[in-house]
Structures are given as structure tokens and as C-alpha cells.
Amino acid sequence: MVAATDAGSVLTPEWDLVVRPGDPEAVEQLFNAVAPNYDRLNDLLSFGMHRIWKRQLLGWLRPLPGGHWLDLCCGTGDLALVLARQLRPGGSVLALDVAEEPLAIAKQRAAVEPLLEISWLQADATDTGLPSYRFDGAVMAYGLRNLSDPAAGLKELRRLLRPGARAGVLDFNRTAEGSLAARFQRFYLRQLVVPVAAKVGLRDHYAYLEASLQQFPEGDVQVRLAREAGFSEACHRPLAAGQMGALLLTA
Ligand SMILES: C[S@@+](CC[C@H](N)C(=O)[O-])C[C@H]1O[C@@H](n2cnc3c(N)ncnc32)[C@H](O)[C@@H]1O
């Protein structure tokens, strides 16, 4: 557990942060703690929509059968599973996450579909130790926001992709301060997400979501960082009336 910090001041005053965004060890502990409830809360809090947004991301990326793809920050593995089905026959997914508990759940979920080619790796997305220019494509859902250095994450992602490969990074969108979308987002995070998570003892863990979002680069900044990381093409598309965003990249 990490004590409340300055970052707590961006939240409603009565909430302490269990994790300060940008602290890699604390983030890893947070996702280990959340893992047993993660899928259920994800379905509940997004009304099942996260599955649609992930499928939309894959719809934009159009992974082809036979391709070898990466899922960075794979968590409990639902995007890796959908992706691996689309890459059949002959394709594969290497799914990695820094935290042990979500990976253990991902492996259990994959075990019921033994014909899917998925390898699981516990590693840091900013420094994977994997060989360069190996992959035909990559996805990262709700991961970039959690990295201590998103720019380093994008550089590592670029390093891993062969030239011309496509990648998609899905996450919450940083809405413009004062906009209707921002007001809705704040209401949603404070009045729905945190109280629901509190019911399973994870109030402070989900309060981290708003704090991490406040430090997350806006879409146009993500595009700039991606270009600086060496991607030849980068654009940011809003999803869910601007509540979510997808950074679409070509290496
Ligand atoms: C919000 S979850 C998203 C999981 C999954 N991609 C999904 O969309 O459901 C974020 C995941 O990122 C992982 N993560 C955070 N920092 C990481 C890092 N530096 N390297 C790899 N994974 C990381 C966490 O352990 C967690 O499983």
C-alpha cells in the first residue's frame, strides 16, 4: 500500500489514493489485488461495452490470419483471446503483463481453448527484453495510462514491430477540461466506478483510475509521442462519445 500523496488533491478531498500514478511497483500491486474482481467489475462498470470497444480496435487494425501479434499489458487476457481467434490459422499472440495475478487468470481462461496460440510473459511493457522488429502487429488496452513513462512504452512498442506493422492503443480519453464529456466522465468515475468498486473493498484502487487519467497525455499529445517514438503514421480516434480513445499506429 502506498500512502496518499499530492496526486490525491486532484480527487475529491475525502478520497485517499492507494496508488500514485507512475509508481510501477505500486501499480503492479494494485493490479494483483484487483485481479480476482477485474473482469466482473469491467463488465459491470462498462455495461459490457469494453468488449465492443476492444472489437472495434481490432476492426480498425484488421489482424490477418497467420500474423504474430503482441498484447501489451494484457491483464486477464480477454483481448489476447479475441485476437488469437482472429489470427487463426497459423498466427500467434504473445501476451505480456507485469503483474502475476492477472496473468494467472489469463492462463486459466486460455486453458479452455487449447488450440489458440498464445504465450504468456510476465514482463514490463517499457523494457520487454524481446527481440526487435519481430511482430506483425500489437494491441495495448488500458495499459499505456498505467505506465510510469508512456513515451518509453511507445518507443518499446515501435522497437518490437516490423516496418509497416499496425498497432492500436485503447484507453480512456482525456476529455477537454470543462466540456460536457469531462463532466460526464468525472460523474461516472466518482459516482459509479468508485462506489461500485467500494462494494468489493476496492474503492481506493478504483479511485486511482481518475488520478491516472489526469496524468495521461491527451490524444494529440499521444500522436506526437508516437511520432517521436518512430511510428510513420499515428492518429487518435475517439470512441464512446469521446469517453474512450484509440491511438492507431503504423510502424
Ligand atoms: C487496466 S488493466 C488492462 C488489462 C487488459 N488489457 C484489459 O483491457 O482488460 C492494465 C494492465 O496493465 C498492466 N501493467 C501496468 N503497468 C505495466 C507495465 N509497466 N508493463 C506491463 N504491464 C503493465 C497491469 O498489471 C494490468 O494488468
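**Group meeting: the ligand shell and some backbone angles**

C73 is buried, with 26 other C-beta atoms within 10 Å. That is a value from a predicted model, as is everything else I will mention.

I start with C73 because it is buried and also has an unusual backbone angle: its phi is near 60 degrees, a positive value in a residue other than glycine. To find C73 in the structure, look in the loop between β1, residues 68-72, and α3.

C73 also matters for the next topic, the ligand. Which residues come nearest to the ligand? There are 21 residues around it, and F31, C73, G75, A99 and A141 come nearest. Two elements give two or more residues to this shell: α1, residues 24-45, and α3, residues 78-87. Of the elements, α1 gives the most, with four residues.

What kinds of residue make up the shell around the ligand? They divide into 13 nonpolar, four polar and four charged.

Now a second positive phi. F47 is not a glycine either, yet its phi is about 55 degrees. F47 sits in the loop between α1 and α2, the latter being residues 49-61. Is F47 buried or exposed? F47 is exposed, because just 8 other C-beta atoms lie within 10 Å, and a residue counts as exposed at 12 or fewer. So the two residues I have named for positive phi have opposite settings: C73 is buried, whereas F47 is exposed.

Last, a peptide bond. The bond that joins R88 and P89 is cis, with omega about -5 degrees. P89 belongs to the loop between α3 and β2, where β2 is residues 92-97.

Definitions and conventions:
Residues are numbered from 1 along each chain as its sequence is written. This is a predicted model: local features need pLDDT of at least 70, side-chain atom pairs count only at pLDDT 80 or more; totals for chains, interfaces and linings use all residues. A residue is near a molecule or strand if its C-beta atom, placed from the backbone, lies within 6 Å of it. Ala, Val, Leu, Ile, Met, Phe, Trp, Tyr, Cys and Pro count as nonpolar, Asp, Glu, Lys and Arg as charged, and the others, Gly among them, as polar. A residue is buried if 20 or more other C-beta atoms lie within 10 Å of its own, exposed if 12 or fewer, and partly exposed in between; C-beta atoms are placed from the backbone.
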